[in-house]
Amino acid sequence: MPDESQPREPEGKLSAKERFERVYRILRDRICLLDYPPGTRLSEEELAEEFQTSRTPIRRVLARLESEGLVEPRHGVGTIVTDVEIEDLAQVYRLRTELALLIGRLSPLPWTAEDLDRVRSLIAQCDLDHHATDRRAYARLNMDFFMALSSMTGNQPLREINERLYFQVVRVVLKLMPKLGLAEEIAAFRREMEEVLAAAEIGDLEAIGHIRRAHISMSFTRMMRYAERALAAPKAGQG
C-alpha cells in the first residue's frame, strides 16, 4: 500500500474537500509514525508551500488535528506536536476494548474476495524480514490493517470514533516498541490478522469484534506491565 505520510504530486482534479482530506491524512500519519516527533513545530507557511496550497486549508487541517489531540497551539511558538504517555490513555484503551465488540454488530459490511485478499497481502508483508527490525514499517502495517477493518464498519459514527481513538494511541505503541520487543509485538499482530481473516472467511463478522477486543486488551496489558516496571525501577534503585 502507498505510504500516505509522503506527499504526492498535486492533483488538480481533486475537490477542495478531497485535497483537505489528503493533507490531513498525510500530516496525521507523519505524527503517528513519529516522522514528526513530539515537540515538532508545524509551520503553516512551510506546509502551504509543500502542498502547494494557501495557508487557509492548512490552518483548517491543523485545527482538526488539534481537536484530535495530536497538536496544540502555543502562544508565541506556533502549532506543536503533542506528546502522550500510556498512563494518560488508560481510559481511551478501555473505551476501545468495548467499542471493538460493536464493529461486528452495528451494520458491518460484508467482506468481498478483494477485502480478504487485502488482509492476506498484509499478512504476507508482515512476514518480510525488514518488519522484524523496522518499527516504523511495523507501525505503517498496523495502520493499514486498522484502516482495512475500519472500511468494513458500516456504522459511520462508530467508524469515526474508532478512528479518532486509534490515532490517539498508535504513537504510544511506536514509542514503547524498543522496550516492548518488536519481534513479540509483530508475532501478536500477525496472530490477530490471521484470526480476523479466518473469521471473515467464514462470514462470522461478530467474531471479528471479539478478536479485536481481545488483542486491544492484551496490547494495553503488555504496555501497562512495562510502564509499571519502569516506574518501579527508580524506586528500587533508591532503596
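Colour the chain by secondary structure to begin: this predicted model contains 9 helices and 3 strands, and, read along the sequence, these elements follow the pattern α-β-α-α-β-β-α-α-α-α-α-α. Of the 239 residues of the protein, 46% count as buried. If contacts are drawn between residues at least 6 apart in sequence, 74% of them join residues at least 24 apart.

**Helix H5**

Select residues 113-126, which make up helix H5, a run of 14 residues that reaches 20 Å from its first C-alpha to its last, close to the 20 Å expected at 1.5 Å a residue. Within H5, show the side chains of Asp-115, Leu-116, Val-119, Leu-122, Ile-123 and Cys-126, which are buried. Turn the view until you look down the axis of H5, where these buried residues fall within an arc of 120° and so line one face of the helix. The spacing reflects helix geometry, because an α-helix has 3.6 residues a turn and residues three or four places apart therefore point the same way.

Against which helices does this buried side pack? Adding residues 135-150 and 182-201 to the selection gives the answer, since the buried residues of H5 pack against helix H6 and helix H8. On the face of H5 turned away from its buried side, select Ala-113 and Glu-114, which are both exposed.

**From H5 to H8**

Keep H5 and H8 in view and select Arg-120 together with Glu-201, which form a salt bridge whose closest N and O atoms are 3.0 Å apart. Because Arg-120 lies in helix H5 and Glu-201 in helix H8, the pair ties together parts that are 81 residues apart in sequence. Arg-120 counts as partly exposed, at 34% relative accessibility, and Glu-201 is likewise partly exposed, with a relative accessible area of 43%.

Staying with H8, select Arg-190 and Glu-194, a salt bridge in which the closest N and O atoms are 2.1 Å apart. These two residues are 4 apart in helix H8 and are thus separated by about one helical turn. Arg-190 is partly exposed at 23% relative accessibility, and Glu-194 is partly exposed with a relative accessible area of 36%.

**Other salt bridges**

A search of the whole structure finds 21 salt bridges. Select Arg-28, Asp-29, Arg-140 and Asp-144 as a group, for these residues are linked in a network of salt bridges. Then move to Glu-68 and Arg-64, where the closest N and O atoms of the salt bridge are 3.5 Å apart. Are the two partners buried or partly exposed? Glu-68 is buried, with a relative accessible area of 11%, whereas Arg-64 is partly exposed, with a relative accessible area of 26%.

**The largest pocket**

Leave Arg-64 selected and display the largest pocket, which holds about 300 Å³ of space. Of the 14 residues that line this pocket, the closest to its centre are Glu-21, Tyr-24, Arg-28, Arg-64 and Glu-163. Two of these names have appeared already on the tour: Arg-28 belongs to the network of salt bridges, and Arg-64 is the partner of Glu-68. To see the surrounding elements, select residues 16-32, 55-67 and 156-180, that is, helix H1, helix H3 and helix H7, each of which supplies at least two residues of the lining. The largest share of the lining, 6 residues, comes from H7.

**A loop residue beside the chain's later part**

Next select Glu-87, which is found in the loop between strand E3 (78-81) and helix H4 (90-100) and is partly exposed, with a relative accessible area of 38%. Add Val-172 and draw the distance between the two C-alpha atoms: they are separated by 10.0 Å, although the residues lie 85 apart along the chain.

**The largest cavity**

Finish with the enclosed spaces, of which a search of the whole structure finds 3 of 30 Å³ or more. What is the volume of the largest cavity? The largest cavity has a volume of about 310 Å³, and of the 21 residues that line it, the closest to its centre are Tyr-138, Asn-142, Glu-192, Arg-212 and Ser-219. Selecting H4, H6, H7, H8 and helix H9 (205-238) shows the helices around the largest cavity that each supply at least two residues of its lining.

Technical notes: Residues are numbered from 1 along each chain as its sequence is written. This is a predicted model: local features need pLDDT of at least 70, side-chain atom pairs count only at pLDDT 80 or more; totals for chains, interfaces and linings use all residues. Side-chain values use heavy atoms; hydrogens and water are left out. The expected span of a helix is 1.5 Å times one less than its number of residues. Buried means under 20% relative accessible area, exposed over 50%, partly exposed in between (1.4 Å probe, protein chains only). The arc is that of the directions from the helix axis to the C-beta atoms. Contact means heavy atoms within 4.5 Å. A salt bridge is a side-chain nitrogen of Lys or Arg within 4 Å of a carboxyl oxygen of Asp or Glu. On a 1 Å grid over the protein atoms alone, a cavity is a set of points where a 1.4 Å probe fits but cannot get out, and a pocket is an open set with protein on both sides within 12 Å along at least five of seven lines; lining residues have an atom within 4 Å of a point. Grid points are joined across faces, edges and corners, and a volume is the space filled by probe spheres set on the points.
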